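Hi,

Here is the structure I promised to pass on. Have a look at it first, and then read my notes underneath.

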Amino acid sequence: MQVVGAGAAPSGFAGAPAAEPLEAPAVFAEPGFAEPGSDPELTDPVGSFPRILPALREAALGTSTLPPGTLDGFGPGGVEVVPLPSAPAVVCDDSNRIVRVNQAFLRLADRRTDDPVHGPLGMRVNQLVAGPDADARLVRPDHSLVRVRVVRWDLPGALRAVLFIELEQPQGDAGTGADRRWTAELERIARVGTWTFDLTTATLSRTETLDELYRSVGVAADTDRGPVEGDQVALLCRGLRSGARTQDHHVEMRLPGDRVLSCRAGIERSADGTPVRLVGMVRDVSAQRVAEGRVQHSGQRFLDLMATVTAGVGLLDASGRLVDANPALCALLDSPLERLRGVSALDLTAEPEASPDGLPRWLRRIAPGSQHGYRIDALALLRADGTRVWCEVGVTASMADDGGVFWLIVCTDVGEQRRAAELLRSAATTDELTRLPNRAAALELLDTLLAGPGRHRVALVCGDLDDFARVNSSLGHEAGDDMLVALAARLQRELPFGCTAARLSADEFVVICADHAEAGGPDALARTVADMLRTTVTVHGRPVHLTASVGLATPKPHEDVTASDLLRYAEAAMQDVKRNDRGGVGIACEGVVATATRQLELEAELRAAISGDGLLLEYQPVVGPDGVVHSAEALVRWPHPERGLIPPGEFLPVAQRGGLLRELDLWVLRTATREAAGWTTPSGRGVAVAVNLAGLLPSEPDFLAHVSAAVAGAGLMWDQLVLELVETSMVALPRHALDAMAELVNRGVRFAVDDFGTGYSSLARLEELPGADGEGGPVVRHRRRGGPGGLRRRPGRRGPGARDGPLDGGRGRRDRGAVPRAARPGRRRLPGLALRPPAAGGRDAPGAARRAPPDAGDRDRRLNPTSRAPVRTRRGLVTVPGSRFATRISAG
């Protein structure tokens, strides 16, 4: 530490009884008070201190450090010698200045009374001691600290004795010397130096790093053209004398070669606010200024970039006022920058809601940095004309050049996006045709009601129009749409208060009632909805009468049910009443819901049974008068491992609803052709097999490929296969379907038209089918419409070589009555007929094919049309009818 100048003189001593004598030097005049005729460059009258500038001396000291009269009462010889303890101790006056010390204190504080810079006499105790008396730190001249306990007591004459008891040094203070060395090294790396000016002694000291810094930049420290430390000290001291709240002073020295020194000075105060010393820091900021120039150029480039950005960018100061904006933000708010500057963010907000600090609630105080930023999806801002503009706003806080914090906001116009999103939301929650809420909106509303306190009063009515497809097919889809719109308008217009109508699907509506008591109870509500849907609507000038099946569901008092569950219950009740009583009202109960659940489980199990060969085929034969089997119709059965044999009337509707008819047809076709390939009569002629098709139809592109693959894979002769189709599936067949049928007919396959007449077709329709004019033409089946009271036949011409085709008993809407199983290893049994293997030697054994012996109930079965026993017709053919009956007409 280099001492530049000092102006304090040691004061006289006062004392208390002590074990060792204390020196009592004379009391000198205070620094800054030169005697008349003395050298004005000196800071003391006896010339015992170095010279400093007079301006520095006057600015720093001003008045006497020890006021006159401080030592009055101790006699003309100065302060009396007062005995002190052998421990380190000092004597202070009423202003807490040290007037006397003992040798133990000098040793502990590492100070000397003749040291003009660090001598303790005249210094305040709080300049040497920091911290509480119980655990204080005594400051040595080298800035090291000694842990002491301070004990004070009063003495006569407004004096006070202070005793210092040295304590054990904390472990953390052991490296203070090394810390100072590291500090000096870091200052050299940072090109920083410091100085201090002691206000008590008027001493200016520089660190070695500061002297090195001055030498490196060519500054002569002790010349008039040297550093500005003296000017800074004078300025701060004048401020202290005037009572101004001067904190610090900063100035930059610009040197040749673009060198710049930043000189900053400040006031160091004690704990009670008393100024103790001035401290200064000199830093070489030449590289920083170069970097700042680069930053300035970069900032200009940033401004140029912001001018081209299409999004609006604005800067808000700490008070939330707009200080700058790019042209895009000015255009977005339709206001020039001059008018926008100074406008608060609260005034720019269309719906202002101020927080306690006066800022809009969307503008939050956050830490600087992009990682602390946030985004507002939609915020309405005000234009100059008072209109609103919806913006997506990104907010980030950043540091200003002066260290303050400002907000950076980026505004993007999302008005068009909001309008498009609103359309999408409307499309997502509103039925496009009827403008009623759709399924999603209905479920959301129902969930809200079920979560409220009145959930036990909620009712849900689901209605489905009966046979609405006939309107679309007969009058067109536009007429059907007009009818749905009319029904929706009626529901909106006439429903009771608190009820909301929604459209779930094509012709299915739902009514949600928040309080069914307002509608007279749930049953009355269901009847009201059914009456509204049971109406006559005039469409395109034609009156159309409609009916609807309605299902009602209400939540149970202690059941945690969701909207999806309640809708499922209502739909299950609706489907149940649609199957049994069209146009009626069904109420969801445990049995109805359980049945619907079983149907779903049955569908999954049926799918697994088809893929895992869990089904079997039984066959209904057609035999001639001689007992020879001409053909057999494949009848599918499902032996369920748990439920036993499930009748077709139960699982075929499940297959139809689950879209499994095609897979079921493929399984039956492959299995029937494979099993029929091994059938032979005693004469060695193969037996034809008839397969009903309801899902695999000629109109499908791969129809020919699937049939060909089944026949080829089974090794069946082409003329042993009869494909049975219902009349409705053969209406308006496309060209490729007719070509596929023609190809199969050419190979020998025969087609049978089942349920002929149900579609009100004439026999002339058969002439359009492949093979209608020759052998292999379609065999027609006609179902009697008067019930199963007997058989009805229409004779017709038979083509040359035409065989008797299979009779009724196929799948679809016909009942497949249970018949005994066929095809067991070594023996094949058909109803009323036993097929035995050929006798040894390749010849058929006598009676290989013979009629099964009649039992005692034969006569009754002949009289009863519902019997499963063979019945002989007038044509001489034998058929085994099921619960329904059919006849056959051959088309030539």
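Below is what I found, going from the whole chain down to a few single residues.

Bear in mind that this is a predicted model. The protein has 22 helices and 37 strands. Of its 892 residues, 45% are buried. If you take the contacts with a separation of 6 or more, 60% of them are between residues 24 or more positions apart.

Strand 20 is the part I'd open up first. This strand covers residues 508–513, and 6 of its 6 residues are buried, so the rest of the structure largely encloses it. The burial holds for both faces: Glu508, Val510 and Ile512 sit on one side, with Phe509, Val511 and Cys513 on the other. That split fits the usual pattern, in which side chains of a regular strand alternate between the two faces of the sheet.

Strand 20 has antiparallel partners to look at. With strand 18 (residues 459–465) it pairs over 6 bridges, and glycine 463 has phenylalanine 509 as its bridge partner there. With strand 19 (residues 499–503) the antiparallel pairing runs over 5 bridges, and a hairpin of 4 residues links strand 19 to strand 20.

That hairpin pairing brings up the cysteines. Cysteine 499 stands opposite cysteine 513 in strand 20, so what keeps the sulfur of cysteine 499 from a bond with the closest cysteine sulfur? The distance does: the sulfur of cysteine 499 is 3.4 Å from that of cysteine 513, which is too far for a bond, given that a disulfide needs the two sulfur atoms within 2.5 Å. Cysteine 513 is accordingly in no disulfide, and the structure as a whole holds 0 of them. Both cysteines are buried, cysteine 499 at 14% relative accessibility and cysteine 513 at 0%.

Next, a helix pair. Helix 12 (residues 439–450) packs against helix 16 (residues 563–580) at about 110°, and their axes are 8 Å apart. The two helices are therefore roughly perpendicular to each other. On the helix 12 side the contact is made by Arg439, Leu443, Leu446, Asp447 and Leu450, and helix 16 brings in Ala563, Ser564, Leu566, Leu567 and Glu571. By type, the residues of this contact are 6 nonpolar, 1 polar and 3 charged.

Then there is a sheet earlier in the chain. It is an open one of 6 strands, in the order 3-2-7-6-5-4, with antiparallel pairing. Strand 3 (98–101) and strand 4 (129–130) are the edges, each pairing on one side only. Strand 2 (residues 89–92) is joined to strand 3 by 3 bridges, again antiparallel, and valine 91 has arginine 100 as its bridge partner in strand 3.

Finally, a couple of backbone angles to check. Which phi does asparagine 96 have? The value is near 70°, so positive in a residue other than glycine. Asparagine 96 lies in the loop between strand 2 and strand 3 and counts as partly exposed, at 22% relative accessibility. Arginine 435 also has a positive phi, near 65°, and is not a glycine either. You'll find arginine 435 in the loop between helix 11 (415–429) and helix 12, partly exposed at 48% relative accessibility.

Over to you, and shout if anything is unclear.

Cheers

Terms used:
Residues are numbered from 1 along each chain as its sequence is written. This is a predicted model: local features need pLDDT of at least 70, side-chain atom pairs count only at pLDDT 80 or more; totals for chains, interfaces and linings use all residues. Side-chain values use heavy atoms; hydrogens and water are left out. Axes are lines fitted to C-alpha atoms, for helices over the stretch in contact, and angles run from 0 to 180 degrees between N-to-C directions. Angles under 35 degrees count as roughly parallel, over 145 as roughly antiparallel, 65 to 115 as roughly perpendicular and the rest as oblique. Contact means heavy atoms within 4.5 Å. Ala, Val, Leu, Ile, Met, Phe, Trp, Tyr, Cys and Pro count as nonpolar, Asp, Glu, Lys and Arg as charged, and the others, Gly among them, as polar. Two strands pair if DSSP finds at least two bridges between them. Buried means under 20% relative accessible area, exposed over 50%, partly exposed in between (1.4 Å probe, protein chains only).
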